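Subject: Handing over the structure we talked about

Dear colleague,

I am passing this structure on to you, and I would be glad if you read through my notes with the sequence and the 3D view open beside you. Please take your time over each part.

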Amino acid sequence: MAFKKNILITGGAGFIGSHVIRLFLEKHPDFRIVNLDALTYAGNLENLKDVENADNYVFVKEDITDAEAMQNVFRDYQIDNVIHLAAESHVDRSIANPMSFIMTNIIGTVNLLNAARHHWKDDFAGKRFYHVSTDEVYGSLGETGFFTEETSYDPRSPYSSSKASSDHLVRAYHHTYGLPIVISNCSNNYGPNQFPEKLIPLVINNIKHNKPLPIYGDGKYTRDWLWVKDHAAAIDVIFRTGKDGETYNIGGNNEWKNIDLVEVLCDKTDALLGREVGSSRKLITFVKDRAGHDRRYAIDATKLKEELNWEPTVQADEGLEMTAKWYLENEEWLENVTSGNYQKYYEEMYS
Ligand code: NAD
Ligand code: TYD
């Protein structure tokens with residue numbers, strides 16, 4: 001069967017990528033989806049078990065830091081569109097080991113840009129390079145204000161700096177070579193399949209095991225949380241209807257101080273576990289702050305709403321409840337990813 005588009009989705013075995021892949025496979029049976037992922041500690045094909053046999057799906061295990069492999073994938077699968085999510089994504093890891101962030105987030109992105117340029121030549125009809133990025137490139141807000149698409153970049157962690165670099169390079173390929181690109185910068189995501197090093201799944205997992213809930217610093221750091229499937233829906237809308245060369249901010253309009261969020265998670269998880277509601281709050285433990293911790297992120301997503309008609313659909317109360325429920329019900333998934341068994345399995349399978 002001839003597909004209307006051959007879309008390379010990078011990082012599809014990760015948290016957000018797996019939700020994007022599932023949405024595209026279901027919504028666009030006439031697009032072939034090529035999921036390219038190196039299966040790092042954060043990539044897990046279990047996330048896509050239910051869709052892995054779809055007729056329009058191919059999985060390719062490659063590393064985006066391998067320039068030649070990227071050229072080959074473009075050639076072998078006649079790639080005409082890219083949705084680039086593959087990245088090292090955890091701020092704490094970027095503080096401990098910046099180099100893997102430079103390699104994957106910057107060099108890897110340039111390898112993909114070069115492959116797109118090389119294979120599309122100057123024929124850009126029907127082509128698009130969509131780069132998925134983060135609101136962290138804008139730096140840190142005080143008590144008030146929001147990030148808009150016009151906010152100057154001011155990244156402050158190795159993670160956000162590497163993402164900012166990649167955003168600049170994607171824009172440079174548009175201005176310099178005419179590559180048809182689009183970028184979105186999204187706030188913190190939450191929901192099923194997030195690796196339990198990030199705040200929300202870590203807290204739910206620790207509540208379940210009666211382990212301390214580490215709160216960095218004074219706990220008043222603020223994030224704008226978005227239900228992951230709403231992010232996937234925004235990516236679909238921007239991919240199909242966004243304008244070339246444009247940037248769109250995506251946000252949940254759902255700000256929480258970390259401590260307030262963790263208290264709500266305690267109560268919801270207690271209720272689901274049949275424990276006395278509030279009892280897990282005693283697990284909350286204030287710990288040493290993250291180095292260079294950004295105080296507040298908040299997104300103004302007006303442009304996306306007014307121009308492309310996208311809005312978040314899931315409110316915090318419902319979203320946090322569904323999330324706690326998912327992690328409690330998917331015990332095997334959680335145990336696999338925390339035990340490292342799945343990594344050993346991949347090493348054997350793909351060695
Ligand atoms: P994740 O860490 O869960 O997944 C990343 C995926 O990329 C994994 O499957 C991993 O195996 C793969 N990967 C990593 N290095 C690779 C390499 N060198 N080659 C090929 N594949 C590689 O990340 P996520 O939270 O799903 O984030 C996806 C994207 O969205 C990232 O670009 C991130 O910057 C961006 N983003 C994330 C959030 C968030 O809250 N999680 C918010 C805004 C933007
Ligand atoms: P995280 O999920 O790592 O996302 P990001 O750093 O990209 O925003 O962290 C969300 C917030 O929670 C951030 O302010 C750091 C804080 N945090 C804790 O207080 N304790 C933890 O154990 C973790 C992982 C994060």
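What follows is an account of the two ligands, then of some strands, and finally of two residues with an uncommon backbone angle.

Before anything else, please keep in mind that this is a predicted model, and that each value below was computed from it.

Ligand 1

Let us begin with the surroundings of ligand 1, where 28 residues are found, and where Ile 16, Asp 37, Ser 89, Tyr 159 and Lys 163 come nearest. Sorted by class, this shell consists of 13 nonpolar, eleven polar and four charged residues. If you look for polar atoms facing the ligand, you will find a polar backbone atom of Phe 15 at 3.1 Å from one of its oxygen atoms, and a backbone N or O atom of Leu 85 that lies 2.9 Å from an oxygen atom of ligand 1. A side chain takes part as well, since a polar side-chain atom of Thr 104 is placed 3.0 Å from a nitrogen atom of ligand 1. How much of ligand 1 does the protein cover? On its own the ligand has 830 Å² of accessible area, and the protein covers 97% of this. The elements that give two or more residues to the shell are α1 (15-27), β5 (128-134), α5 (158-177) and β7, and the largest share, three residues, comes from β5.

Ligand 2

Turning to the other ligand, 17 residues surround ligand 2, and the closest of them are Glu 136, Pro 214, Arg 223, Arg 290 and His 293. By class, the shell of ligand 2 is made up of eight nonpolar, four polar and five charged residues. At least three residues of this shell come from each of two domains, namely domain 1 (5-190 + 224-250) and domain 2 (199-222 + 255-295 + 316-339).

Which residues place polar atoms at the distances given here from an oxygen atom of ligand 2? A polar side-chain atom of Asn 188 lies 2.9 Å from such an atom, a polar backbone atom of Leu 199 is 3.0 Å from one, and an N or O atom in the side chain of Asn 258 is at 2.9 Å from one. Taken alone, ligand 2 exposes 510 Å², of which the protein buries 97%. Two or more residues of the shell are given by each of α6 (199-208) and β8 (213-216), with β8 giving the most, three residues.

Strands

It is worth returning to β5, the strand already met beside ligand 1, where seven of its seven residues are buried. In a regular strand, the side chains alternate between the two faces of the sheet. You can follow this along β5, where Arg 128, Tyr 130, Val 132 and Thr 134 point one way, while Phe 129, His 131 and Ser 133 point the other way. On one hand, β5 pairs with β4 in the parallel sense over four bridges, and here Ile 83 stands opposite Tyr 130. On the other, β5 is joined to β6 by six bridges, and these two strands also run parallel; the bridge partner of Val 132 in β6 is Ser 184.

Strand β6 (residues 181-186) pairs in turn with β10, again in the parallel sense and over four bridges, and Asn 185 stands opposite Asn 249 of β10. In strand β10 (residues 247-250), Thr 247 and Asn 249 point one way and Tyr 248 and Ile 250 the other, and all are buried.

Two residues with positive phi

Most residues other than glycine have a negative phi. Gln 78, although it is not a glycine, has a positive phi of about 50°, and it is found in the loop between α2 (67-76) and β4 (81-84). Asn 193 is not a glycine either, and has a positive phi of about 75°; its place is in the loop between β7 (188-190) and α6.

Are these two residues buried or exposed? Gln 78 has a relative accessibility of 54%, and therefore counts as exposed, the cut-off being over 50%. Asn 193 has a relative accessible area of 10%, which is under 20%, so this residue counts as buried.

With best wishes

Definitions and conventions: Residues numbered from 1 in each chain as written. Chains lettered and ligands numbered in written order. Predicted model: local features only at pLDDT ≥ 70, side-chain atom pairs only at ≥ 80, totals over all residues. Heavy atoms only, no water. Near = heavy atom within 4 Å. Polar contact = N/O pair within 3.5 Å; in protein donor to acceptor, adjacent residues only side chain to side chain. Areas by Shrake-Rupley, 256 points an atom, 1.4 Å probe, with all protein chains shown as cover. Nonpolar A, V, L, I, M, F, W, Y, C, P; charged D, E, K, R; others polar. Domains from an automatic or database assignment. Buried < 20%, exposed > 50% of the residue type's maximum accessible area, 1.4 Å probe, protein only. Pairing = 2+ DSSP bridges.
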